[in-house]
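Look at the sequence and the model below before reading on. The paragraphs that follow go through selected residues and then turn to the chain as a whole.

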Amino acid sequence: MNHRSVKAAVFDLDGTLADTSKDLIAAANACFLEMGEGKPMLDPEGDQLVAFHGARAMLSCGIERMDPTLDRDALAEKYYALFLDKYRANIDRHTQLYPGAVDALNDLRDRGWRLCVCTNKPERLALKLLERLEVLDMFLAVVGGDTYTMRKPDPMVYELTTSLAGVPVPRSFMVGDTKYDLQTARNAGVAAVLVGFGPLGGAISALEPDVVLDSYDKLAEISESIVDGFEPRN
């Protein structure tokens, strides 16, 4: 195989391909009701950034708001399985792909790119959500936070993701929305494209990614230069 002829675009899922925050927050709030609080502790609009830091972060944040004296880490761990059950049951009630995402994925595939997902979301939930959003068949590899023993920002999980698609790491780039995606790309020695339409908005530029993507309709156009002209930072 001529490795110069293959290339991969590796996407984060939550906050990058899809706005999942409302369904994540709803699952966390259902847990707080089970705790006996009687009211939601997270706001679907104001706590979007918390949602994209993961289940335990949401639970911990809400528990602290309930009662700062509680052992929030222990309680978050205790209710983690319940959170997963609540989220799995309503995984796509409010979730939507970001505008232009499907067209961008199709355009990349038409240009010969192999598409992957590398997320810290549990693999079975990532697969279920991508299926519900009707885009699962677009991806040659879907790697979740529990697929291997390591997770982002460990570069090994990124390397394993691209290898599933048959693409060497230097022939790929990462699209994400958080510092963890940036760190993953830096650790792997590939370009970091961070979306400017996620929860951080334009403030994502403060992380100094290689590219701030303002909308998906620009991704295919810049994809070639992202790989061929990229020089890893020290």
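Lys-39 counts as partly exposed, because its relative accessibility is 47% and the band for that class runs between 20% and 50%. This model is predicted. Lys-39 sits in the loop that connects helix H1 (21-34) to helix H2 (48-51). If neighbours within four places in sequence are set aside, Lys-39 is in contact with Phe-32 and Leu-33. The C-alpha atom of Lys-39 is also 7.6 Å from that of Asn-29, a residue 10 places away along the chain.

Next comes Ile-204, which belongs to the loop between strand E7 (191-195) and strand E8 (211-213). Is Ile-204 buried or exposed? Ile-204 has a relative accessibility of 0%, so it counts as buried. Which residues are in contact with Ile-204, apart from neighbours within four places in sequence? They are Asp-177, Leu-194, Val-195, Gly-196, Pro-209 and Val-212. Thr-178 is 26 residues from Ile-204 along the chain, and 7.8 Å separates their C-alpha atoms.

The loop between E7 and E8 also holds Glu-208. For this residue the relative accessible area is 53%, so Glu-208 is exposed. The backbone of Glu-208 has a positive phi, near 60°, and the residue is not a glycine. Most residues other than glycine have a negative phi.

A second residue with such a backbone angle is Glu-134, whose phi is positive at about 65° although the residue is not a glycine. Glu-134 is placed in the loop between helix H7 (123-132) and strand E5. With a relative accessible area of 69%, Glu-134 is exposed.

On the other side of strand E5 (141-143), the loop leading to helix H8 contains Pro-153. The peptide bond that joins Lys-152 and Pro-153 is cis, with an omega of about 15°. Most peptide bonds are trans.

Helix H8 (155-164) is followed by a loop that runs to strand E6 (172-176), and Val-169 is found in that loop. Val-169 is buried, because its relative accessible area is 15% and the buried class covers values under 20%. Leaving out neighbours within four places in sequence, the contacts of Val-169 are with Tyr-158, Glu-159, Thr-162, Ala-188 and Val-190. Lys-22 is separated from Val-169 by 147 residues in sequence, and the C-alpha atoms of the two are 33 Å apart in space.

The cysteines are the next topic. A disulfide is a covalent bond between the sulfur atoms of two cysteines. How many disulfides does the structure hold? The number is zero. For Cys-31, the nearest cysteine sulfur is that of Cys-61, at 14 Å. A pair of sulfur atoms must lie within 2.5 Å to count as a disulfide, and Cys-31 is in none. Cys-31 is also buried, because its relative accessibility is 0%. Cys-116 is likewise in no disulfide, and the nearest cysteine sulfur to its own is that of Cys-118, 8.8 Å away. The relative accessibility of Cys-116 is 0%, so this residue counts as buried.

Now consider the protein as a whole. Its secondary structure comes to 10 helices and eight strands. The radius of gyration is 18 Å, close to the 17 Å that the globule rule gives for 234 residues, so the protein is as compact as a globular protein of that length. Measuring along the principal axes is another way to describe its extent: the C-alpha atoms fill a box of roughly 60 × 35 × 30 Å.

How do residues far apart in sequence figure in the contacts? Of the contacts between residues at least 6 apart in sequence, 64% join residues at least 24 apart. Buried residues account for 47% of the 234 residues. As for the surface, the accessible area of the protein comes to about 10800 Å², and carbon and sulfur atoms contribute 48% of it.

The last point concerns charge. The protein has 25 positive and 36 negative charges. If the mean position of each set is taken, the two points are 2 Å apart.

Methods:
Residues are numbered from 1 along each chain as its sequence is written. This is a predicted model: local features need pLDDT of at least 70, side-chain atom pairs count only at pLDDT 80 or more; totals for chains, interfaces and linings use all residues. Side-chain values use heavy atoms; hydrogens and water are left out. Buried means under 20% relative accessible area, exposed over 50%, partly exposed in between (1.4 Å probe, protein chains only). Helices (H or I, at least four residues) and strands (E, at least two) are DSSP runs, numbered from the N terminus. The radius of gyration is taken over C-alpha atoms; the globule rule is 2.2 Å times the number of residues to the power 0.38. Contact means heavy atoms within 4.5 Å. Accessible areas come from the Shrake-Rupley method with a 1.4 Å probe; for residues, only the protein chains shown count as cover. Lys and Arg count as positive and Asp and Glu as negative; His and the chain ends are not counted. The place of a charge is taken as NZ of Lys, CZ of Arg, CG of Asp or CD of Glu.
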